[in-house]
Amino acid sequence: MVNWQAKAQEQQEEYINDLITMMKIPSVRDDAQATDEFPLGPEPATALKVFLEMAQQDGFKVKNIDNVVGYAQWGEGDETLAILAHVDVMPAGNGWDTDPFDPVIKDGNIYGRGASDDKGPGMAAYYAMKTLKDMGVVPNKTVRFIVGTDEESNWTGMKRYFEVEPAPTYGFSPDASFPLINGEKGNFSLKVDFKGANDGRVKLVSFDSGLRPNMVPRDAEAVIEGGELTQLTQALDEYLAQTSVTGKVIQDGEQFTISFVGKAAHGMEPKNGDNAGTYLANFLKHQDIHGDAGDFLEFVGSYLHVDSRLKNFELDYTDELMGELTMNVGLMNFKAEDGGQIDLNFRYPQGITPNDIQVGINKVTDKLHAFTYQLEGMVPHYVSTDDPLVVSLMASYREITGDVDALPEVVGGGTYGRMMERGVAFGALFPHTPDTMHQVNEFQPVDDLITAMAIYMDGINRLITD
């Protein structure tokens, strides 16, 4: 019997070197720099190119599709096992202790954007496949390691793959947590638009918070006119003393800039963060700001604030299999005269629909003279625990970790696994490790990544030699 943990440890030095190479690429989707050659911006395309060059040097057949998605292929067969990872990352944001794109290893952890989501796990799965090939294992089916470049936005790359390439038989995405994710909630965003008129002694000039819909905002900033510094400072100090966020106010002539700092987190569980935007709106709604600006602040600061389960909308809902309906307030923007826009990202279980949710939200937005519309989303996804894919991968996890009581889970996160009818998410975050995805100081323990590689070796080997 092969000692997969020992095999993985043999790869550690080379793996870490290649991982650091990938993590140094600031592969954030950037539509402002999009061109015909680089539809998602140059950096995601660079990360894809570098990965495919690595894979080609390692002896895999590779293909780059339109600089948005690509794959490394091994073996032949009528069936295809797909391993779906991504090389794009979330914007770094502020507050890092180290350079997010200059990885460092300290205290046994590798720090940097992508360490946990998804370059660290993705490269661990790739090295598992590479090691099996180098060992002389002959797969009884085609194996494709498919790499997307905008998983953190709208999946343009992976959608393109499924448009132009045959659908895999089954597969997994190393882009979540162990032991295994066999169910994912539905996922969609609802836009809420406000007009921009101000009516009150104080004017809301601007409001800005958030980087992505699926990320709890760490930072928020608003500019107001018509306030008084002493009163504003006293009110701010009293408010902050009762909260977990920090903030400050700066005067520039007749304008006051108020900024809050909270805690970023993955939008699938907003309770893990402190939303700086909703806290700022909750503070500002007590200023003398009315009209459309006041409605914007009332909606964000009263109805959305600390309500990830939508109780303020009488929409709290739980499914026995898939869990709770959740909402993340990811983007909040307002400019006087132009108006405001909010992006609400929902993770919903079976038993409730996006239309149900929109109707419930509209009961509030209609009173506040706001307009809502849905963006494209994804329906709930579930693979039976009896499916041979789930059975095999769970056996690998239990074998390597010794956790024989581990069971598959349903989560709110969305992974590429759901693009396949028989697709799951498999690692690489262990139950004992803090989740720092989408947060500052993102990290992953090196030992965890090596153990994940061993699990992937065992799992892939079971699936291609059965």
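This tour goes from the whole chain to a few backbone positions that can be selected one at a time.

The model is predicted, so local features need pLDDT of at least 70 and side-chain atom pairs count only at pLDDT 80 or more, while totals for chains, interfaces and linings use all residues. Residues are numbered from 1 along each chain as its sequence is written, and side-chain values use heavy atoms, with hydrogens and water left out.

Begin with the whole protein in cartoon view, where 11 helices and 26 strands make up the secondary structure; these are DSSP runs, with helices being H or I of at least four residues and strands being E of at least two, numbered from the N terminus. The radius of gyration, 23 Å, is close to the 23 Å that the globule rule gives for 466 residues, so the protein is as compact as a globular protein of that length (taken over C-alpha atoms; the rule is 2.2 Å times the number of residues to the power 0.38).

Most residues other than glycine have a negative phi, and most peptide bonds are trans. Against that background, select F178 and P179, which are joined by a cis peptide bond with omega near 10 degrees; P179 sits in the loop between β8 (176-177) and β9 (181-184). Next, select G427 and A428, where the peptide bond is also cis, with omega near 15 degrees, and where A428 belongs to strand β25 (residues 428-429).

Then move to D107, in the loop between β4 (104-106) and β5 (109-111), whose phi is positive, near 55 degrees. D107 is exposed, at a relative accessible area of 76% (exposed means over 50%, buried under 20%, partly exposed in between, with a 1.4 Å probe and protein chains only).
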